[in-house]
Amino acid sequence: MKINHFYIIAVMLCVSLISCKKDNYDPPKSKLSGRFVYKGEAINVEHDRVPFDIFEYGFGKVGAIVGNLTQDGMFSHLLFDGDYKFVVRPNQGPFLWPQTSGKADSISITVRGDQTLDINVMPYYMIRTPQIAKGGTGVTASFKVEKIITDAVNGKNIEKAFLYINKTQFVSGTNNIANTEMAGSAITDPNNITLSVAVPKISPTQNYVFARIGLKVAGVEDLIFSPLTKIQL
Amino acid sequence: MKKIFAITILSVFLGLAGCKKDSEFLNVQAFGILSADQVFSDNNQVISYLGDLYNRQVDITAFKYGWESFADFSEAVPATTGSALVNRNGWDFSTWGLWDYGYVRDLNLFIERAGEAKTLAEGDRNRFVSEARFLRANHYFELVKRMGGVPLITKSLLYDFSGDPTYLQQPRAKESEIYDFIISEAEAIKGLLPSDIREKSRATRGAVLAMEARAALYAASIAKYGVNTPSVSLPGGEIGIPASMAAGYYAKALKAAEEVITGTAGRYALYTKFQSDLGQNFANLFIDNTDKAGNPETIFFEDYKIRSGKTHGFTTNNQPRFGAEEEEGGRLNPSLNLVQEYELLDNTFAPLPIQDAGGNPIYYNSPLELFANRDPRLSGTVMLPSAFGRNRNTDIFAGYQLADGSVITGAERGALGTLPGISGQVQVVGLDGPLNSRDFVAQSGFYLRKFIDPAPGGGSRGTGSEVPWVRYRYAEVLLNAAEAAFELGQPGVAAGYMSQVRARAGFTVPLTGGQITFDRVVHERRVELAFEGHYLYDRKRWRIAHVVMDGTSMSVTDLLNNIGVANRKNTQPFGLWPYKIHDPGGANHNKWIFKIVKPSIVTGSNRFQLGNYYSFIDDNIRANNPKISRQPNQ
C-alpha cells in the first residue's frame with residue numbers, strides 16, 4: 001500500500017507541474033465606455049432597448065458583440081486591445097444614425113487600454129428644460145421640445161408625448177405604475193407642454209416615485225426620454 | 001499424427017473460405033435499411049415514407065407543441081405558476097424563428113426519387129410527388145410567414161468535398177417570390193390530386209386551394225398594409241412586397257377560395273349537424289369524432305387515433321379539473337378580452353353588462369343571463385360559468401358577497417366556509433374555481449371548450465384524445481374569400497361569404513355590403529378562428545401587431561372601450577369572476593354579480609417590436625452563408 005501512495009503522490013506532482021503552465025487567454029481588460037450624446041448632452045432612452053454592435057477584425061466567425069444602452073445613454077464593454085468597428089443598426093434608437101445606401105455607417109475605434117468615447121448622434125427631438133415636480137395628488141411635468149432634424153426628408157413629427165412614473169428608477173413604457181399621454185396633434189405650443197399624472201396607491205408604501213418624460217416620434221420605434229427625476233411625495 | 005491431420009484439414013478449409021474476394025466479402029446487404037429503389041417499388045412503402053414527411057409539418061400552434069402554444073397574446077390566462085406568457089414584456093427577436101432546411105432537403109429528395117420511380121403506376125407517382133410538393137409549398141409558407149424571403153431551394157444540394165462550399169450558398173429570395181412559388185406550385189399540382197372531401201390527412205385538391213388562397217391573401221395584405229410600417233422592409237425585397245402587387249394577390253386569393261366554394265374540389269360545406277344548440281354545434285365541429293372523414297367542413301388536418309399510439313393530451317391539460325378522469329387540466333383559461341369580443345345577436349358590440357350607468361352592479365338570477373343574446377360561438381369556444389362544460393356543467397364562482405359588500409371566499413376549489421345566518425359550513429368557492437394565483441383553476445373565470453374532447457378517456461393521460469388538429473377548414477376559406485373581395489372593392493360579395501359563416505354561427509340578420517369594414521374582417525377572424533393559430537400571423541400581415549401589442553399595461557377602461565376595433569390595445573389578459581349574493585331577506589339574495597379582475601400572475605405586458613415582425617436569423621447561419629441578409633429593425 002505504501003507503493004500506491006507513492007504513485008499517487010508522484011502522479012499528482014506531475015499533474016500539478018503540467019498545469020502550472022498557463023493555458024488560457026487573459027480576460028479582456030480594456031474598458032471602452034461612453035455615452036450617446038448630442039452636443040454634449042446625453043441621449044436618454046429606454047433601458048435595454050437600443051442595441052449597438054461592435055465588430056472586431058479578423059476573429060473567428062462573422063458576428064457582432066452586441067450591447068444595449070442604459071437608460072441614460074451609457075454603454076461600456078470590456079474588450080481586448082485591437083481594432084474595432086462600432087455601429088448602430090438601421091432604425092434603432094430615437095436618433096438618425098448616418099447611413100450609406102441603406103447600410104449603417106461604422107465608426108472605427110482603436111482600443112489600447114481603457115478609453116472613454118462619446119458618440120455623437122442626431123436625435124429627432126430633444127426634451128428641453130424638463131421640470132417634473134409633485135403637483136397636488138400627482139406629478140406634473142412641463143417641458144419644451146426642440147426639433148433637431150428639421151429637413152423635409154428625415155424630419156418627423158411627434159406622435160405622442162408621455163409622462164411615466166414608476167416605483168423603481170427604471171421608467172419607461174414597459175416599466176411604469178402610471179402614465180399619461182398627449183397626442184402630437186394636441187401639442188399647440190412645443191415650448192410649453194404640460195403633462196400630469198395621478199400617483200396610484202403603491203404597495204408596499206413608499207414616499208417617492210421616479211418620473212421621466214418620453215417622446216414618441218412618428219415612425220420611430222424607440223422613445224427619447226428626459227433625464228430621470230426622483231420626486232418626494 | 002491425428003492432430004496434425006486435423007489441423008491441416010482445418011487450415012485447408014480456412015484457406016478455401018478466405019479465397020473469396022474482399023470486395024465481395026464486405027458487400028453484404030443490410031437488413032435494416034431499404035434502398036431508394038426498394039422504397040419506391042411499392043405503394044405502401046412510399047406511403048409510410050410520406051407519413052414521416054406529413055408528421056414533420058410545422059405549425060405555430062398545434063397539439064404537438066403543447067397547450068402553451070395556444071395561450072399567448074392575451075387571448076388566455078395560463079393558469080400555471082410562473083408562466084412566462086404573462087410575466088414577460090415581449091418576445092425575443094428569435095422567437096418563432098424557423099430554419100428547417102433538413103425538412104426541405106428530405107422533401108426535395110422525395111420529389112426527385114419518387115419522380116424517377118418507374119415501377120409505380122403513373123397516377124400513383126403523380127399523386128405522391130404532388131403531395132410532397134404540397135408539403136414543400138406549405139413549409140415554405142410557414143418559413144415566409146416567420147422569416148420573410150428565404151433561400152428557395154427546390155433541388156437536393158450535394159456537397160463535392162472540394163473545400164469550397166460557396167456554390168451551395170444561396171441568397172434569400174424576395175418575399176414575393178416565395179409567395180409566387182407557393183401559388184404556382186398550388187396551381188401546378190391541384191389537378192394531380194384527388195377531389196375527395198373524405199380524404200383529410202393527405203393532400204387533396206381542396207387542401208391545395210385552401211393553402212393557395214391563404215398564401216395569396218397573406219402576400220396581398222403585406223403588400224397593401226406594408227406602407228404602415230415602412231421600416232419593416234429590406235432594399236432587396238427579402239422583406240416587404242410592393243404595394244402595386246396587392247390587387248393581383250387579392251384576386252388570386254379570391255379565385256382560389258372560390259374554386260373551393262363552387263365545389264370544384266368537392267362539396268365542402270359548413271358543419272351544421274347539431275342545430276338544436278348552436279354553441280354545441282360549433283364545439284362539435286372540432287370534436288365530432290364519430291365520422292371524422294364525413295365532417296364536411298374540415299379540409300386538411302393532422303389526425304389522431306386512440307389505441308394507435310398517436311394521441312394528444314390537450315383535453316387532459318385544459319379540461320375543468322374537478323371530477324375529471326385524471327384530476328388534471330385547467331391550464332388554458334380564455335381571457336375576458338376574447339370573451340367580450342363576441343357580438344350581440346343584433347350584430348353590435350358591447351361589453352358584458354356587469355354594471356349600470358351609475359357604476360352599481362347588475363344582479364342576475366343565473367350567471368348565464370349575463371351572456372344571453374351573444375354569438376353562440378362564445379359558448380362553443382369557451383366554457384362559461386354554470387354552462388355545459390366537459391360532460392357536466394361548470395361550477396365557477398369566486399365567493400359570496402354579503403349585503404355590506406364584504407366577500408366570503410376560500411383558498412381552495414370548493415372550499416367550505418360559514419355564512420352569517422346559516423348554521424354549519426357551505427361551499428363558498430366553485431368546484432372549478434376561480435382562484436387567484438392557483439394553478440389549474442379558472443383564473444380568468446373561464447375554461448376553454450374548443451377542442452376539448454368529451455369522449456370517455458379523452459381527458460385521461462393513458463387514453464388521450466383523438467381530436468384532429470385542423471389546419472384548413474371551409475369557414476376560413478369563406479373568410480379568406482370575404483377579405484379578398486372586400487379589399488378588391490366588392491363589399492357585396494364579401495358580405496355574402498362572411499354572412500354564411502355568421503349564419504352558421506347563429507346570426508339571423510346578415511351583414512350588408514356597407515357594413516363590411518376592415519374592423520369587421522379582423523373581428524370575424526378573431527372570434528371564428530380563436531386558438532387556431534391565426535392571431536399572430538393575421539396581425540403580422542396586417543401590420544397592426546406593434547399597435548395592438550404596444551407594451552403598455554392595460555386598464556379596465558382600455559379593456560372595455562372600442563370593442564371590435566381592429567387596432568385596439570391587447571397587451572394583458574383579464575378575467576371576469578362571478579360572485580353570489582348572500583343577503584337573506586334582501587331583494588338580491590342568491591343572485592349573481594360579476595367583477596373584472598386582472599389575475600395577479602399578469603405582471604408583464606406584451607410588446608411587439610418592429611423587429612418581431614420577422615424572426616432573427618441566427619448569426620451562425622449568416623456567418624456560414626454571407627449572402628443571407630439580416631432582418632430589419634433588429
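Modeller: In β4(A), D53(A) has V66(A) as its bridge partner. This is a predicted model: local features need pLDDT of at least 70, side-chain atom pairs count only at pLDDT 80 or more, and totals for chains, interfaces and linings use all residues. Residues are numbered from 1 along each chain as its sequence is written, while chains are lettered from A and ligands numbered from 1 in the order in which they are written.

Biologist: How do you know that strand β3 and strand β4 of chain A are joined, and by how many bridges?

Modeller: Strands are DSSP runs of E, at least two residues long; helices are runs of H or I, at least four; both are numbered from the N terminus. Two strands pair if DSSP finds at least two bridges between them. Four bridges join β3(A), residues 51-56, to β4(A), residues 65-68, and the two run antiparallel. Four meets the cut-off, so they pair.

Biologist: Which residue is the partner of D53(A) in β6(A)?

Modeller: V87(A). β3(A) pairs with β6(A), residues 82-87, in the antiparallel sense over four bridges.

Biologist: What makes β14 and β18 of chain A edge strands?

Modeller: Each pairs on one side only. The open sheet has three strands, ordered β14-β15-β18, with antiparallel pairing. β14(A) covers 125-135 and β18(A) covers 193-198. From one strand to the next the twist averages 20°. Nine bridges join β14(A) to β15(A), residues 138-147. One of the bridges sets K134(A) against V139(A).

Biologist: Why is Q131(A) classed as it is, by its C-beta neighbours?

Modeller: A residue is buried with 20 or more other C-beta atoms within 10 Å of its own, exposed with 12 or fewer, and partly exposed in between; C-beta atoms are placed from the backbone. Q131(A) has 13, so it counts as partly exposed. Q131(A) sits in β14(A).

Biologist: What does Q131(A) touch, leaving out residues up to four places away in sequence?

Modeller: A141(A), S142(A) and F143(A). Contact means C-beta atoms, placed from the backbone, within 7 Å. N91(A) is 40 residues from Q131(A) in sequence, and their C-alpha atoms are 30 Å apart.

Biologist: Is N179(A) buried or exposed, and what makes it so?

Modeller: In between. N179(A) has 19 other C-beta atoms within 10 Å, so it is partly exposed. N179(A) lies in β17(A), residues 178-183. Beyond four places in sequence, N179(A) contacts F162(A), L163(A), Y164(A) and V197(A). From N179(A) to A161(A), 18 residues along the chain, the C-alpha separation is 10 Å.

Biologist: How do you know whether chain A has the radius of gyration of a compact globule?

Modeller: Set one value against the other. The radius is taken over C-alpha atoms, and the globule rule is 2.2 Å times the number of residues to the power 0.38. For 233 residues that gives near 17 Å, but chain A has 25 Å. Along the principal axes its C-alpha trace spans about 90 × 50 × 25 Å. Chain A holds one helix and 21 strands, and 29% of its residues count as buried. Of its contacts between residues at least 6 apart in sequence, 65% join residues at least 24 apart.

Biologist: Why is β10 of chain B called largely enclosed?

Modeller: Five of the five residues of β10(B), 469-473, are buried, so the rest of the structure largely encloses this strand. β2(B), residues 298-302, pairs with β10(B) in the antiparallel sense over four bridges. F301(B) stands opposite V470(B).

Biologist: What makes the crossing of α9(B) and α15(B) left-handed?

Modeller: The near helix is turned anticlockwise from the far one by less than a right angle; clockwise would be right-handed. α9(B), residues 205-225, and α15(B), residues 474-487, have axes that come within 10 Å and cross at roughly 35°. Contact residues include A213(B) and L217(B) of α9(B), with V477(B) and A484(B) of α15(B). Axes are lines fitted to C-alpha atoms, for helices over the stretch in contact, and angles run from 0 to 180 degrees between N-to-C directions.

Biologist: Why is N126(B) classed as partly exposed?

Modeller: N126(B) has 17 other C-beta atoms within 10 Å, so the class fits. N126(B) is in α7(B), residues 122-147.

Biologist: What confidence does the model carry for chain B?

Modeller: pLDDT is the predictor's confidence in each residue, from 0 to 100. Chain B averages 91, and 98% of its residues reach 70 or more. The model scores ipTM 0.80 and pTM 0.90.

Conventions: Contact = placed C-beta atoms within 7 Å.
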